[in-house]
Amino acid sequence: MNVVDHVRDMAAAGLYSNVRILSSLLLTMSNNNPELFSPAQKYQLLVYHADAIFHDKEYRNAACKYSMALQQKKVLNKTSKVRTSTGGAAANIQAQSLPSEIEVKYKIAECYTILKLDKDAIAVLDGIPSRQRTPKINMMLANLYRKAGQERSAVTSYKEVLRQCPLALDAIIGLLSLSVKGAEVASMTMDVIQNLPNLDWLSVWIKAYAFIHAGDNQRAINTICSLEKKSLLRDNVDLLVSLADVYFRAGDTKNAILKFEQAQMLDPYLIKGMDVYGYLMAREGHLEDVEVLGGRLFNISDQHAEPWVISGCHSFYSKRYSRALYLGAKAIQLNSNSVQALLLKGAALRNMGRVQEAIIHFREAMRLAPCRLDCYEGLIDCYLASNGIREAMGMANNIYKTLGANAQTLTILATVCLEDPVTQEKAKALLDKALAQRPDYTKAVVKKAELLNREQKYEEGIALLRNALANQSDCVLHRMLGDFLVAVNDYQEAMDQYSIALSLDPNDQKSLEGMQKMEKEESPTDATVELDGDDMEGSGEDGDLEGSDSEAAQWADQEQWFGMQ
């Protein structure tokens, strides 16, 4: 047993710090005296040294050392050909025991992927002949191709993964996300389903994810629910997270939160999907719960995008947009495919008046998640903010044609129509269709109420909002009902509605303003006192604003420092 064998054994035992020190010393000796080690031994030392560096997360250095190992392997290949031709059987045995050249190339590609040098990673993996590609190489290639927009190549690589490993479920999801038909994907797993017991659920599972990636949310919900009800798959966390996500996409916030909570209770260390859960909780005004959730996830891992997104949502709904921007950018650094991080950063940029930058982020989110309507809504909001009604209308019509006439697409189109006096009647018809499909769809109710308020049809608006609140409690709906009740001089119930709205979201400024306005109107004799109080509050708020400006400047400096602007 020679010294290189000792290095190999330490590497196999995971003693990377020891391997790094010893291999470094031995390589220096080899450089000073090339006769000390054979070409094969030097190749081994270079690979083990690179592995130790990779373990220390020094990825540029590791890629360099792996490349040096491949150069050494070329020298070894030349010498081994000479020995083989002279009948060196021992040389063949030794060559078989050496670290795999294919594995070294995979490691280089892994380094490049971590460093976000995707083109370099693809170039390395493309250099491996198709027949020599292992399933993990094909899987990495497929993901890289999809990210680069090379869909045909991605489909080919995913199919190759399934040919070798027919139960590779993430590869199945990858194919479905690239619009490959569910039936075609299911046919690639049929043999294994028929030959192995307890896999009868798999074809239904494939059907569910086919519906998800086709944007057919209702059928996806029904199919996942049918799977989840089966005793063997009941309380599966992955299925619950998928179900929660589809409820969210369908605009059913109540059921989405319910399923996320159920998944979280089953797995307290769950990270996947928690960014969407945090966003929904923040949007509903539960900022204290969002802060707790973010802190808990940071304790689990700060190397995932989700806790950064959750903290960003807390900042965004606390109106600290500069900090939300920084946190969103940090999340994108950790995972450039995080749709929720892109939406957070886009929304922060939009609210800071940087609309063109926001548009870039919403478009990237759309590319990654073409069936998520909130990506399109963000882009449409940007167009409307910059008076691009024509672009917004084009986008809304495209969504309507592509995803069909459901409550969400009808409401999006109606929202744009409301911006143009010429299309007011069309907006009304679209909203009526949306509410006929889903009377409880909050966004449609809000837009219809806005339209009725413009037309001063207060009684009709009150009836609409009461009907919507019969089966749900929503801050915006309670506040709007308060506004309508004020318009018909029902001050007492209006005050009750504002109070309910504030109990649901203590940060809802409009409800607070509505309540304060009513108090002034009811107590004109106290107006002077109230004005003085308001002035005092105003001076306090100015101080707060100054603090927030300095904080914004601080976060802006950090963004510049990290190159995130």
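Of the 565 residues in this chain, 46% count as buried, where buried means under 20% relative accessible area, with exposed being over 50% and partly exposed in between, for a 1.4 Å probe and protein chains only. Bear in mind that this is a predicted model, so local features need pLDDT of at least 70 and side-chain atom pairs count only at pLDDT 80 or more, while totals for chains, interfaces and linings use all residues. Residues are numbered from 1 along each chain as its sequence is written, and side-chain values use heavy atoms, leaving out hydrogens and water.

On to the fold, then. The chain has 32 helices and zero strands; both are DSSP runs numbered from the N terminus, helices being H or I over at least four residues and strands E over at least two. Among contacts in the chain with a separation of 6 or more, 51% come from residues 24 or more positions apart. Contact here means heavy atoms within 4.5 Å.

How confident is the predictor? The average pLDDT, a per-residue confidence from 0 to 100, is 87 for the chain, and 89% of the residues score at least 70. Of the chain's elements, helix α19 (residues 305-317) has the highest mean, 97, and helix α32 (residues 527-562) the lowest, 42. Please go gently with two stretches: pLDDT stays under 50 over residues 89-93, with two contacts beyond four places in sequence, and also over residues 525-565, with 28 such contacts.

Now, my favourite pair of helices. Helix α13 (residues 202-213) packs with helix α15 (residues 237-249) at an angle of about 30°, their axes 11 Å apart. That makes the two roughly parallel, a label for angles under 35 degrees, with over 145 roughly antiparallel, 65 to 115 roughly perpendicular and the rest oblique. The axes are lines fitted to C-alpha atoms over the stretch in contact, with angles from 0 to 180 degrees between N-to-C directions.

Who makes the contact? From α13 come W205, Y209 and I212, and from α15 come D238, L239, S242, V246 and R249. By class, that is five nonpolar, one polar and two charged; Ala, Val, Leu, Ile, Met, Phe, Trp, Tyr, Cys and Pro count as nonpolar, Asp, Glu, Lys and Arg as charged, and the others, Gly among them, as polar.

Last stop, M274, in helix α17 (residues 274-283). Is M274 buried or exposed? Buried, with a relative accessible area of 0%. Setting aside residues up to four places away in sequence, M274 touches F260, Q264, L293, L297 and I310. V309 lies 35 residues from M274 in sequence, and 9.1 Å away in space, C-alpha to C-alpha.

Note on methods. pLDDT is the predictor's confidence in each residue, from 0 to 100.
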